[in-house]
Amino acid sequence: MPPPGRAAGRAAWIGRCRRQAAVADMLSALLAGGVAFGLRFGEIDAETRPYAVLSGVLPLLWIGAASLSQAYDPRVFGGGVEEFRRVARCGCAAVAAVALAVFLTGADLDRGYVLIALPLATLLALCARYGLRRRLYRRRARTGEGMRRTVAVGHPPAVTELIRRLRRERHHGLEVVAVCLPTQAAPGETRIAGVPVLGDVTDVPLVVEQAGAEVVAVLACPELDGGAIRRLAWRLEHCQAELMVAPALLDAAGPRTVIRPVAGLPLLRVERPRLAGANRLLKDAFDRVVAALALLVLAPLLVVIAVAVRASGPGPVLTRRQRVGRDGRVFTLLRFRTVRQDTGPGADGPPGDGPGPAAPDPGARITPLGARLRRHSLDELPQFLNVLRGDMSLVGPRAPLPGEVARYGDDVRRRLLIRPGMTGLWQVAGNSALSWEELVSLDLRYVENWSLMLDLQILWKTWTAVVLGGSARNG
């Protein structure tokens, strides 16, 4: 079990997160009720007084519905989309409950009030939870607040990769404090990536208690079959540690994987990637409509930037670089010029066609205006024209150089099944901090698991990164 001091600190953190979430939900519901009342009735009189009372009671009703939806479970705080899914489910359940109550009681409830109050409360609660999550991420990055001590179980290469990723992406809230290896994996191994090896797979419960861990992460490991993992789960029950198991198939996620019991066995069914047919048409249509609207809205800004680039020194306003798109077709990628013209032809872009991601330009080549444009990715706005022409997508793999593609293996070539994107998983994960292998892994994960919802999530994260000036470069 965790040491008393650590357990008390963890309990205090959970209590604080729950209080903050509850206050945010109550304020969201109160504001939604007030807006709905104001829009529908405007003033309090004998006829509208019940709706004023309902607006005041709505926060308490919302708290109850959110509790039933397990929206205050500490495991969902800062843990992926599940928190938002539970808040949305709370809103849907509230609408369904009101409709059922009206049907059973025959009450004459104003539909306009309900249709404004409950959806608005859901939207405001989602926005408030997002704000709390960003705040939690910042505190985790600075102080390590709310990190869950984790024991990693698996072979050294997989454990090393997990430790490295969790150290870089601290917002996941997991900190590996101990490692357990298969007995024959690495005889004599004492530390992996600086984390002590405290035993083998048979010692996991003891290591959990010794390290005060709250999570056990079991990576793909042939030595741990279904029976072994089941027995491990039983042994962890008295430790109150959460068990997480990574399947051997790592790149297939989300809607593509469904557990189906067959003959008493929980089989993981993996559907084919959504790369063609109606899904491709939907993605193409979404890309071109959004690109056309973006060009229309941003036209004044594009003109201002073009004039500024022209005045910043000799050279073209737009630079053109050869990139490889879907199915290996070469296209011309557009970008506002950001470097001095005297650095040589074709200098406005990463030099070289190396096998990995393109290297950034030396700072001395970039003009002062170019540095400001790059900080907020404004130099990439002309790529909306690439999207409109069908060369690129809003979201997709990184656009590679021809020389880079010539050295692709069969696995990496799957990146070319869809159009390259202006942004993608590689950008929101921090392009400059990723290795070539990690970039490829992210691109393949996107190709394998594409969905319109995933595109919307990436676009939202890109927008926040651009506004804060921390966006990655599209090499």
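**A quick tour: a patch, a helix pair and some salt bridges**

Let's start with methionine 26, which sits in helix α1 (residues 4–40). Keep in mind that this is a predicted model. Methionine 26 is partly exposed, at 33% relative accessible area.

**The nonpolar patch**
- Met26 joins Val53, Val57, Leu60 and Leu61 in a nonpolar surface patch of about 430 Å².
- The biggest giver here is helix α2 (residues 49–68), with four residues.

**Two helices that cross**
- Helix α5 (residues 156–168) packs with helix α13 (residues 436–448) at an angle of about 85°, and their axes are 14 Å apart.
- That makes α5 roughly perpendicular to α13.
- On the α5 side, the contact involves Glu161, Arg164, Arg165 and Arg168, while α13 brings Glu438, Ser441 and Arg445.
- Within α5, arginine 165 and glutamate 161 form a salt bridge, with their closest N and O atoms 2.7 Å apart.
- These two lie four residues apart, about one turn of the helix.
- Arginine 165 is partly exposed at 26% relative accessible area, and glutamate 161 is partly exposed too, at 25%.

**More salt bridges**
- The whole structure has 19 salt bridges.
- One of them pairs aspartate 73 with arginine 86 (3.7 Å, N to O).
- Aspartate 73 is in the loop between α2 and α3 (82–105) and arginine 86 is in helix α3, so this pair ties together parts 13 residues apart in sequence.
- Aspartate 73 counts as buried at 13% relative accessibility, and arginine 86 is buried at 12%.
- Another salt bridge joins glutamate 404 and arginine 415 (3.7 Å, N to O), and both residues are buried.
- Asp25, Glu83, Arg129 and Arg133 form one network through salt bridges that share partners.

How values were computed
Residues numbered from 1 in each chain as written. Predicted model: local features only at pLDDT ≥ 70, side-chain atom pairs only at ≥ 80, totals over all residues. Heavy atoms only, no water. Patch = residues over 30% accessible without salt bridge, like charges linked within 9 Å, V, L, I, M, F, W, Y side chains within 5 Å. Areas by Shrake-Rupley, 256 points an atom, 1.4 Å probe, with all protein chains shown as cover. Salt bridge = Lys/Arg side-chain N within 4 Å of Asp/Glu carboxyl O. Buried < 20%, exposed > 50% of the residue type's maximum accessible area, 1.4 Å probe, protein only. Axes fitted to C-alpha atoms, helices over the stretch in contact; angles between N-to-C directions. Parallel < 35°, antiparallel > 145°, perpendicular 65-115°, else oblique. Contact = heavy atoms within 4.5 Å.
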